[in-house]
Amino acid sequence: MPRFSVIVPVYKVQAYLHECLESVLGQSCPDLELIAVDDCSPDACGAIIDEFAARDARVLAVHLPENVGLGLARNAGLERATGDYLIFLDSDDTLTPDALRAVADRLGETGDPDVLVYDYARTYWSGEVVRNQVSAQLTEEGPAPFRLEERPGLLRLLMVVWNKAYRREFVERAGLRFPPGYYEDTPWTYPALMSAETIATLDRVCVHYRQRRHGSILGTISRKHFDVFEQYDRVFAHVAAHPELNRWRPVLFRRMIDHFATVFVKRGRLPRAARAEFLRRARAHYRRYRVPGAPADPRTRLRHVLVGLGTHRTYRLLSFLSRIRRRAVRPAAGLRSAVRGAALRFHYRVQLRLPLRADRAVFSSHRGRGHGCNPGALESAFRSFAPHIRTAWIAHDEHHHTIPDPTDRLRPGTAGYWTALARSKYLVNNVGFDRRLVKRPGQIMIQTQHGTPLKRMGLDLQDRPAAARDTDFAELLRDADKWDYCLSANRHSTLVWERVFPSSYTTLEYGLPRNDVFQHATPADVDRLRASLGIPAGTVAVLYAPTYRDYRRTQPRTLDLERVLRRLGPRFVVLTRAHHLHGAPLAGTAGGRVIDVSGHPSVESLCLASDVLVTDYSSLMFDYAVLDRPIVVLADDWEAYEASRGTYFDLRAFPPGALAHGEDELIDVFTTGQWRDAGSARLRAAFRERFCPYDDGRAAERVVRHVVLGESAGLPPFVPLTERRPVPPAGTALARVPGAGRPLAGVPDPSPSPASVPDPDQPLGGVPAPGGAVPLTETL
């Protein structure tokens, strides 16, 4: 018996069906059956289903002799389901990578509830992905499982069948089936949620809900939209048959009226000649099911009045009056906003006149994201080496959980935020603070940056419009004028920062604080991190972290990771880390060996947990080199990237390890052992000497001692590269497991191949060798 029965009704979706079915079969939780029901589709859908069934035994193809509609097609699949849980998926939508694994884990955590509710995101033809706006209802905080009366806010979610998993025994016991007609989800979802003894939530997007430009059933002008009345008749009939559910009548009434109003006001649903009749039918249902003491929300009260009156002329009059009211309210709302803004500006001006607090420091990272990067490491160092300084962190609400308890939490734009910016002596960021910030005499601003630059930055983007976008270069320089200190990891960074952000700040060439953890972490820490990420013991973890492509409107999936892993064998897993601007996972699933870590708050933890980095032009390679672990560069579109973004040196001529120009070469790098052979080690040593001279684990301490404690002399000396001992990768533990003497998945033991890689003792592409008379950046 499979864990999941995924039921997919299919009708006239041949353009989307492959993607839908692949999203199910590619799940990292393979314990499923996929029941695809061909609802007598006139296109190639039936043949596509048969093709999938022929190649995967988990697919059951069901062909209906005549078209019966979405609800009855789901029933046909339901009759054949044998799984513990039922998952319904529309055939133009997709499951997100690892969705079923997350669902299975949450079901296990909550004791196999009757219903598990998860989230979805709308996906548009333009590539835009927008998460459900009321996702806060899916919080996993609090007791679980629960009953609906404990979390009635769940009824604010879109009442559809495909954002939930249902225990099959519960469905059979409750006698749930789909009716014919439009809006068939309504008489299923309400009874299911009201009748369930146990409900749980999963705060994760598991379904991508495709917003088709044309062809959606609910976007078709038809009298079939009148089916909504019969569907609510069925809901109230269910309540009448179960008196214990009577308490839900007021809520159902409000939801019903809101639904009627939505159908009526949405363009492209009702024929023009049928609109008056629809309102009359809605009025009849309003009077039939109205419950005393069920007031409408103030924002929807007009809709309820509209339905209660039930005349088209009245609707047109009320709509006209509503437009007049909105036009009057907008200035009022704008006035309220203006008043609040003026009050905050006045508050800030008052705070600017009050004394600075020498014992206060405020930190932020990446414009309000969570505690991390160089500011996060410095904030921790402030608490360790300057405990008399009280620290605060600026972040949006959704990131406050990442902030350590001793640190004050601030939300951007609040009075507390402006107070902190006005009166804290120390201001620390890796991008920039609010442009309205007034730098006061006595305030000290530390710009930490967030990596070593390979791609062009700052003023060097003036002739790179694709990368610069809407950058205000004058504002960029005004911001740099506020810096007192700028952190640098190496001489290359120093020369770049001082040229592209020209101002009078002092550069502290101390290394990057966020890399300190690489010297302090222990093998036990690495094992703990790997376990938390689900990396199986005895495997080689490849961190795949490509950068963003400025020259593309959509970001490509450059690697077929399933194919790569098939070639490398079962001893490899891949951690995929998408750039925060990418907006989507980098790949589907590969039997649980592709782990999406894009949402992980700490890239440093991911580096520690992995054994090798595969990247293209991401600055992460400079940080990863601190660990002295293998790095493979995939430079498959270097010419296009260099032309659009611009770089400071030719990475192909001075790589930190093995170089691949495409997927096949990347596979070859691993299967031949080049990724960890002596030639790659020599390249990495040269790269580390050039770019990691100061990252010895004490960068944050040096900054705090210099800036806060005034110890400009006698700072901790730099530990030479040859004497550093960064925590080893867990892959070294393979020598302690059975069979470790044999090659990994066909990968031969490493052996030197000096002819296959550049010699770091020779000039590379016009770049002098380490220790030469001319620094790398001065040749660019």
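Two strands pair if DSSP finds at least two bridges between them. Keep that in mind for the first stop on this tour of a predicted model.

**Stop 1: a β-α-β unit**

Select residues 32–38, which are strand β2, and then residues 59–63, which are strand β3. The two strands run parallel and are paired over 5 bridges. To see one bridge up close, click Ile-35 and look across to its partner in β3, Leu-60. Now add residues 45–55, helix α2, and you have a right-handed β-α-β unit made of β2, α2 and β3.

**Stop 2: Phe-52 on the helix**

Stay with helix α2 and pick out Phe-52. Is Phe-52 buried or exposed? Its relative accessible area is 1%, and anything under 20% counts as buried, so Phe-52 is buried. Show what is around it: leaving out residues up to four places away in sequence, Phe-52 touches His-18, Leu-21, Glu-22, Leu-25 and Val-59. You can also draw a distance from the C-alpha of Phe-52 to that of Ala-36, which should read 9.6 Å for two residues 16 apart along the chain.

Next, bring up the side chain of Arg-55. Its charged end sits over the ring of Phe-52, 4.3 Å from the ring centre. There's another arrangement of this kind to visit: the charged end of Arg-74 sits over the ring of Phe-178, at 5.1 Å from the centre.

**Stop 3: the nonpolar cores**

Zoom out for a moment. The chain has 780 residues, and 54% of them count as buried. Its secondary structure comes to 25 helices and 22 strands. Among contacts with a separation of 6 or more, 74% are between residues 24 or more positions apart.

Which residues have the most contacts inside the largest nonpolar core? Select Phe-4 and Trp-188: those are the ones, in a core of 99 residues. Helix α8, residues 249–265, gives the most to this core, with 7 residues. Then show the surroundings of Phe-4. Setting aside neighbours within four places in sequence, its contacts include Cys-29, Leu-32, Tyr-85, Ile-87, Leu-100, Val-103 and Leu-107. A second, separate core has 74 residues, with Val-500, Tyr-505, Val-626 and Ala-686 among them.

Leu-100, Val-103 and Leu-107 come up again if you select helix α4, residues 99–109, where they are among the buried residues. Ala-99, Ala-102, Ala-104 and Arg-106 are buried in α4 too. Just past the end of α4, click Gly-111, which takes a positive phi of about 75 degrees.

**Stop 4: a serine in a loop**

Jump to Ser-135, in the loop between β7 (129–131) and β8 (164–167). Ser-135 counts as buried because its relative accessibility is 17%, with the cut-off at under 20%. What does Ser-135 contact, leaving aside neighbours within four places in sequence? Show Asp-119 and Asp-203, and you have the answer.

**Stop 5: aromatic rings**

Colour the aromatic residues next; the model has 38 aromatic pairs. One of them is Phe-649 with Phe-691, a stacked pair at 5.5 Å centre to centre with 20 degrees between the planes. This pair links distant parts of the chain, since Phe-649 is in the loop between α22 (638–644) and β22 (658–660) while Phe-691 is in helix α24 (residues 678–691), 42 residues away. Phe-649 is buried, at 3% relative accessible area. Phe-691 is buried as well, at 1%.

For a whole group of rings, select Tyr-190, Phe-226, Phe-229, Tyr-232, Phe-260 and Phe-278, which ring pairs link into a cluster.

**Stop 6: strand β14 and its two partners**

Finish at strand β14, residues 444–447. Turn the strand until you see its side chains split: Ile-444 and Ile-446 point one way, Met-445 and Gln-447 the other, and all are buried. Add strand β13 (residues 424–429), which runs parallel to β14 and is joined to it by 4 bridges. Then add strand β15 (residues 485–488), which also pairs with β14 in the parallel sense, over 2 bridges.

Where should you look to see both pairings? Centre on Ile-446: it is the bridge partner of Val-428 from β13, and it stands opposite Tyr-485 in β15.

Note on methods. Residues are numbered from 1 along each chain as its sequence is written. This is a predicted model: local features need pLDDT of at least 70, side-chain atom pairs count only at pLDDT 80 or more; totals for chains, interfaces and linings use all residues. Side-chain values use heavy atoms; hydrogens and water are left out. A crossover is right-handed if, with the strands pointing away from the viewer, the path from the first strand over the helix to the second runs clockwise. Rings of Phe, Tyr and Trp (its six-membered ring) pair if their centres lie within 6.5 Å; planes under 30 degrees apart count as stacked, over 60 as edge-to-face and the rest as tilted. Buried means under 20% relative accessible area, exposed over 50%, partly exposed in between (1.4 Å probe, protein chains only). A charge sits over a ring if NZ of Lys or CZ of Arg is within 6 Å of the ring centre and within 35 degrees of the ring normal. A nonpolar core is a set of buried Ala, Val, Leu, Ile, Met, Phe, Trp, Tyr and Cys residues joined through side-chain atoms within 4.5 Å. Contact means heavy atoms within 4.5 Å.
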